[in-house]
Each structure stands twice: as structure tokens, then as C-alpha cells.
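I opened my notebook to look around a new protein, one topic at a time. Here is what I looked up.

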Amino acid sequence: MVERRCRYCQRVFQPSKFQPRQSVCCDSGCQRRRRAEYHRGKIAADPEYRQVCLDSPQKWRSRNPEYWRQYREQHPAAAERNRQQQHVRDQKRRLRNLANNNSAFDLKHSVAEVWLVGAGLQSLANNNSAPAQVWVLEALPPRKPPQSESCKQQPPGLQAASAG
Ligand SMILES: [Zn+2]
């Protein structure tokens, strides 16, 4: 019997009699790597295969228009989680757009909680399960007025001198 060493996990295995050139063992992780490697190589080398891969999720969706609606009905918890995550992604995108229209700042998530402390808040805290979010935004310096009506570009040195 011929024995080979798997090129991924280095374990010794016996190739299948149907696949005499087999170089990867039957372990599911190794087979997954082999398929992924083949797929990557094929996408890089074969433009037609690449196009089929690009088209195929779209075609699948148009052949199965009810799939995701049914999935959401059958997996309400997953659908709800996805809705919440999408809400957070939308909020981040809005804030990023806002930041891009002003001056760039880093958007980072914080795990901070908000605690309500004080007289009279006990009943509020007991009856209120609404989650709170706090956004901490760094104050931005005031914007400089436009330097000139002209469309001509000014050398950076000149602009710095007139701004100071
Ligand atoms: Zn292996």
C-alpha cells in the first residue's frame, strides 16, 4: 500500500484508489483548505469561472426570492439580532458621514454603561427597561472661513501665512 504525507497537516494517509494522485488527507479541515485553495487559484486564473462566481449569489437569490423571508420567519432571534446589528451599522455610517463632512475623528465603540443615581429615580429605574446609548463626540475647532473666491490653487505656504 502506498502511503503519503498530507501537505497540510503532515499526517501520513493512504490515497484513495479512485484518486491515486491524492495529496491531501481525508480530514475535513484539510479538505476544506484544499477546496478553498483550488477556488482561489481558479478565480485568479480563469476569468469565466470568476464571472460565474460573481453572478451566482445574485442568480441564486433571484431563483429563491422567498428564502430570506422564510429564514427570518423561522429564525426570529437571528433576524432580530441582525436587525439590531444593522441599526448599529447604520448609526456608525451616519456618524462617519457626519465626521467626514466636518473633520475626521476616530469612531470607537465603548462598553460603558449609564447608571441612574439619585432620589426619585428608583421607580424610574424599576419601570424603565429602555437601553441607553451615550455618544461622546470630541469638540471640533471652529471652521476657517474660505480664503478666496478664486478657483486658483494657492501654494500651501501662502495659505498658512494668510490664515495666521
Ligand atoms: Zn491533512
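**Entry 1: burial and surface**

I began with burial, keeping in mind that this is a predicted model. Of the protein's 164 residues, 9% count as buried. I then looked up the accessible surface, which comes to about 15,000 Å². Carbon and sulfur atoms hold 53% of that surface.

**Entry 2: the layout**

I counted six helices and two strands in the protein. Reading from the N terminus, I wrote down the order β-β-α-α-α-α-α-α. I also checked how far contacts reach along the chain. Taking the contacts between residues at least 6 apart in sequence, I found that 21% join residues at least 24 apart.

**Entry 3: how confident is the model?**

I wanted to know where I should read with care. The protein has an average pLDDT of 78, and 63% of the residues score at least 70. Which element has the lowest confidence, and which the highest? Helix 6 (residues 156-163) is lowest, with a mean of 44, while strand 2 is highest, at 96.

I marked two stretches in my margin. Residues 148-155 stay under 50 in pLDDT, and the model gives them three contacts beyond four places in sequence. Residues 157-164 are also below 50, with four contacts in the model beyond near neighbours in sequence.

**Entry 4: the zinc site**

Next I turned to the metal. Which residues coordinate the zinc ion? I found Cys-6, Cys-9, Cys-25 and Cys-30, each through its SG atom, at 2.3 to 2.4 Å. Along the chain, these donors follow the spacing C-x2-C-x15-C-x4-C.

I was curious how Cys-6 and Cys-25 sit in the chain. Cys-6 lies in the loop between strand 1 (4-5) and strand 2 (12-13), whereas Cys-25 lies in the loop between strand 2 and helix 1 (28-45). The two are 19 residues apart, and the pair links distant parts of the chain. Are they buried or exposed? Both Cys-6 and Cys-25 are buried.

I looked up the geometry too. The angles among the four donor atoms run from 102 to 113 degrees, and the site is tetrahedral. It counts as tetrahedral because all the angles lie between 85 and 135 degrees. For my own reference, the ideal angle for four tetrahedral donors is 109.5 degrees.

**Entry 5: an unusual backbone angle**

Gln-10 caught my eye in the loop between strand 1 and strand 2. The phi of Gln-10 is near 65 degrees, a positive value in a residue other than glycine. Most residues other than glycine have a negative phi. I also noted that Gln-10 is partly exposed, at 43% relative accessibility.

**Entry 6: the aromatic rings**

I finished with the rings, and the structure holds four aromatic pairs. Trp-60 and Tyr-67 make one of them, edge-to-face, with 5.1 Å centre to centre and 75 degrees between the planes. Why is the pair of Tyr-67 and Trp-68 called edge-to-face? Their planes are at 85 degrees, so the pair earns that label, with ring centres 4.9 Å apart; the cut-off is over 60 degrees.

How covered are these residues? Trp-60 has a relative accessible area of 35% and is partly exposed. Tyr-67, at 36%, is partly exposed, and Trp-68, at 44%, is partly exposed as well.

My last note is that Trp-60, Tyr-67, Trp-68 and Tyr-71 form one aromatic cluster.

Note on methods: Residues are numbered from 1 along each chain as its sequence is written. This is a predicted model: local features need pLDDT of at least 70, side-chain atom pairs count only at pLDDT 80 or more; totals for chains, interfaces and linings use all residues. Side-chain values use heavy atoms; hydrogens and water are left out. Donors are N, O and S atoms within 2.8 Å of the metal (3.2 Å for Na, K and Ca); water is not among the atoms, so sites may look incomplete. Four donors count as tetrahedral if all angles lie between 85 and 135 degrees; four count as square planar and six as octahedral if opposite donors are over 155 degrees apart and all others between 65 and 115; anything else is irregular. Helices (H or I, at least four residues) and strands (E, at least two) are DSSP runs, numbered from the N terminus. Buried means under 20% relative accessible area, exposed over 50%, partly exposed in between (1.4 Å probe, protein chains only). pLDDT is the predictor's confidence in each residue, from 0 to 100. Contact means heavy atoms within 4.5 Å. Accessible areas come from the Shrake-Rupley method with a 1.4 Å probe; for residues, only the protein chains shown count as cover. Rings of Phe, Tyr and Trp (its six-membered ring) pair if their centres lie within 6.5 Å; planes under 30 degrees apart count as stacked, over 60 as edge-to-face and the rest as tilted.
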